[in-house]
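Trainee: I should like to examine this structure with you, beginning with its overall burial and then turning to its parts.

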Amino acid sequence: PYKSPNIFYNENIIKESITRVKQKLSDRYIEDERRKERFDDFRSRFLRLTDKCVIQSDFDKLNRVFSIFVTGSDQIWSPFLFDDRYFLDFVRENNKKIAYAPSLGVETIPYEYLKVKYQEYLADFDCLSVREKQGSAILSDILKRDVTVVMDPVFLLSKDEWNSLIPYEKNEEYILAYFLGNNKNNIRKAKKYAKACNKKLKIIPIFKSMSAANFEMGVGPIEFLGLIKGAYAVLTDSFHGVAFSLVFRKEFFVFERFNKSNVKSQNSRIYNILDLLGLESRLVH
């Protein structure tokens, strides 16, 4: 079994290191207060939340309130973002545990000790599914049971239901670029494509280096939907950029975010959905 190494540290050194990391991130990533406010507004309007759970006793209380717990969607089961809570480790035996469409995000689990963890945490799930066939193959092999592949929750709502959240229509034609990776060549391609189409380029910004002249600031969940719905075409390296392009039936091209030799590559999420729908031609290598 894996054992964490003993770490001896000086508290001041830890604080200084955290400060340096925060500074590097602030130098690299866009800071957009209006976007944060719109995310907060979306949560308050559409999400019913429990009180915040911080310590173990907070999680224990949930077992007295709920009898079914569902975990799922996005990369909550990634071996590089491993968190016991996403495996519902706090749920008691008399309550049901369900996994709907979590993603591992990778094609292999690189650490043997984590395979033991997956086996331990998932053995008692009442219903178990994942979002990609690669994740199904990994977990089926570890657990020696079939793991169902289901669609991302985005596709559980119809186009009309998503449309009902968007209170406005875009009256201009534009190319929308939404890149989670900081590949400057992708932005150059986006500009070239927009010019060839004789359309304005709009960028949902993540990194400061992208191209400030084209930034769309203050993009919360509803604004994100509106920008995709109104776009002439979407260029992205994001799974959900692809998903909502499909929902709104948009012309789109999806870029590989990771080098294929990168052990942390999340490209399999993109390959899976394109393969499922026969849209491999939409992939930009």
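Trainee: What percentage of the 285 residues in the protein chain is buried?

Mentor: This is a predicted model, in which local features need pLDDT of at least 70 and side-chain atom pairs count only at pLDDT 80 or more, whereas totals for chains, interfaces and linings use all residues. Residues are numbered from 1 along each chain as its sequence is written, and side-chain values use heavy atoms, with hydrogens and water left out. Buried means under 20% relative accessible area, exposed over 50%, and partly exposed in between, with a 1.4 Å probe and protein chains only. By that criterion, the buried share of the 285 residues is 43%.

Trainee: How many helices and strands are there in the protein chain?

Mentor: Both are DSSP runs numbered from the N terminus: helices are H or I with at least four residues, strands E with at least two. On that basis the protein chain has ten helices and nine strands.

Trainee: Why is helix α8 (residues 221-230) described as largely enclosed by the rest of the structure?

Mentor: The buried residues of α8 include Pro 221, Phe 224 and Lys 229. Their cover includes α2 (33-46), α6 (159-163) and α9 (239-247), where contact means heavy atoms within 4.5 Å. Helix α8 is largely enclosed because the number of its ten residues that are buried is ten.

Trainee: Which helix gives the most residues to the largest nonpolar core?

Mentor: A nonpolar core is a set of buried Ala, Val, Leu, Ile, Met, Phe, Trp, Tyr and Cys residues joined through side-chain atoms within 4.5 Å. The largest one has 29 residues, of which Trp 162, Phe 244 and Phe 248 touch the most other members. Elements that each supply at least two residues include β5, α8 and α10 (267-277). The greatest contribution, five residues, comes from α9.

Trainee: Which residue of α6 (159-163) that touches the most other core members is also in contact with Phe 248?

Mentor: Neighbours within four places in sequence are left aside here. The contacts of Phe 248 then include Leu 225, Ile 228 and Lys 229, and also Trp 162.

Trainee: Which are the edge strands of the open sheet?

Mentor: Two strands pair if DSSP finds at least two bridges between them. The sheet has four strands in the order β1-β2-β3-β4, with parallel pairing. Pairing on one side only marks the edge strands, β1 (68-72) and β4 (148-149).

Trainee: In β2, which residue is the bridge partner of Phe 69?

Mentor: Strand β2 (residues 96-100) pairs with β1 over five bridges in the parallel sense. The partner of Phe 69 is Lys 97.
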